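Q: Please take a close look at one pocket of this model and the parts of the chain around it. A connected account is preferred to a list.

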Amino acid sequence: MGTQTITRRPLDSTAIGLMVLLCAAWGLQQVVIKVTAPLMGAVLQAGVRSAIAALLVFAFAAWRGTPLWERDGTLRAGIGAGLLFGAEFFCIFVGLGHTTASRMAVFLYTAPIFTALGLHLFVAGEHLQRAQWAGVVLAFVGMVLAFADGIVSPSAQGGTLFGDALGVLAGALWAATTILVRGSKLSHAPASKTLLYQLAVSAVLLLAMALAAGQVHRVEVTGFVVASLFYQSVLIAFASYLIWFWLLRQYLASRLSVFSFLTPLFGVAFGVLLMHDQVALRFAVAAVLVLAGIVLVNRRG
């Protein structure tokens with residue numbers, strides 16, 4: 001019995017529109033997590049979010065009649081994806097204790113570079129041409145420019161080599177998760193099953209980390225905390241991630257991943273609107289570079 005081949009296609013207007021919405025939602029999430037942190041530890045937020053979203057995905061799959069328990073050869077890759085997902089968040093939250101949020105954003109969003117390289121090397125049909133590689137580099141230059149204030153002097157900006165290294169490692173783990181999903185049998189599994197693997201495994205890891213860090217005993221349950229968890233669990237970890245994995249099954253992952261460069265830009269924009277952060281002219285220039293890079297990466301032919 002032959003294996004069915006799924007051909008991923010370049011991005012169309014539907015994929016582009018969905019990715020912009022996803023990046024905006026993910027960018028706002030950073031502000032929500034930061035504002036909620038004094039009331040509920042960030043690692044605990046991540047663990048509770050994953051646990052709630054896992055239950056929602058399980059219910060959604062049962063309602064849709066999605067087979068979750070059949071032996072389809074995805075168990076090992078699914079557990080691996082969950083471990084990578086949990087390890088990524090561990091690096092982010094530990095790293096934020098040793099470097100600034102702006103520096104972490106720069107190093108975390110090296111993920112598309114690692115993703116494009118890994119897909120180019122290990123996954124058939126995901127090869128990038130010279131102009132597309134130039135787009136990846138151009139987008140990354142835009143990211144560096146956008147957060148230049150956090151790069152010029154690590155010590156002056158509150159960063160350390162250890163924290164920065166954890167940021168890069170988190171980006172690599174994020175990329176490894178994407179590559180594992182695309183290069184394994186998870187690539188042909190239902191999106192809800194792929195997502196459930198990551199949420200369930202990461203929930204156990206992150207809640208254990210939060211418990212070890214003592215965050216479980218330092219929670220103030222308020223209306224804002226409940227609303228924050230709803231946003232993170234239902235809208236982000238459940239709905240947006242299901243859409244993301246559906247996109248991975250339909251479109252070229254290397255083209256999708258470069259859009260993640262928009263997420264920290266949206267994060268800064270929401271910071272300006274909601275937290276009154278100051279942004280220099282270079283941010284507008286950086287945004288143009290990122291968008292230009294996305295256009296190059298998504299060139300047809």
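A: Two stretches of residues are named in the lining of the second largest pocket: Leu68, Trp69, Glu70, Arg71, Asp72, Gly73, Thr74 and Leu75, together with Lys193, Leu196, Tyr197 and Ala200. The model is a predicted one, and the volume computed for this pocket is about 310 Å³. By residue class, the lining holds six nonpolar, two polar and four charged residues. The element that gives the most to this lining is helix α8, residues 191-212, with four residues.

Two of the lining residues, Asp72 and Lys193, also meet each other through their side chains. They form a salt bridge, with a distance of 2.9 Å from N to O. Aspartate 72 belongs to the loop between α2 (42-64) and α3 (75-95), while lysine 193 belongs to helix α8, so the contact ties together parts of the chain that are 121 residues apart in sequence. A search of the whole structure finds one salt bridge, and the pair described here is a salt bridge.

The two partners differ in their accessibility class. Aspartate 72 has a relative accessibility of 25% and therefore counts as partly exposed. Lysine 193 has a relative accessible area of 3%, so this residue is buried. The cut-off behind the second assignment is that buried means under 20% relative accessible area.

Helix α8 itself can be described by its span. The helix has 22 residues, and the distance from its first C-alpha to its last is 32 Å, close to the 32 Å expected at 1.5 Å a residue. After α8 comes glycine 214, which has a positive phi, near 80°.

For the wider setting, the chain contains 12 helices and zero strands. Its pattern along the sequence accordingly reads α-α-α-α-α-α-α-α-α-α-α-α. The chain has 301 residues, of which 49% count as buried.

Covalent cross-links were also searched for. A disulfide is a covalent bond between the sulfur atoms of two cysteines. The search over the whole structure finds zero disulfides. Cysteine 23 has a relative accessible area of 0% and is buried. Cysteine 91 also counts as buried, at 5% relative accessibility.

To return to the pocket, its lining includes both Asp72 and Lys193, and the side chains of these two residues meet in the salt bridge at 2.9 Å.

Conventions. Residues are numbered from 1 along each chain as its sequence is written. This is a predicted model: local features need pLDDT of at least 70, side-chain atom pairs count only at pLDDT 80 or more; totals for chains, interfaces and linings use all residues. Side-chain values use heavy atoms; hydrogens and water are left out. On a 1 Å grid over the protein atoms alone, a cavity is a set of points where a 1.4 Å probe fits but cannot get out, and a pocket is an open set with protein on both sides within 12 Å along at least five of seven lines; lining residues have an atom within 4 Å of a point. Grid points are joined across faces, edges and corners, and a volume is the space filled by probe spheres set on the points. Helices (H or I, at least four residues) and strands (E, at least two) are DSSP runs, numbered from the N terminus. Ala, Val, Leu, Ile, Met, Phe, Trp, Tyr, Cys and Pro count as nonpolar, Asp, Glu, Lys and Arg as charged, and the others, Gly among them, as polar. A salt bridge is a side-chain nitrogen of Lys or Arg within 4 Å of a carboxyl oxygen of Asp or Glu. Buried means under 20% relative accessible area, exposed over 50%, partly exposed in between (1.4 Å probe, protein chains only). The expected span of a helix is 1.5 Å times one less than its number of residues. A disulfide is a pair of cysteine sulfur atoms within 2.5 Å.
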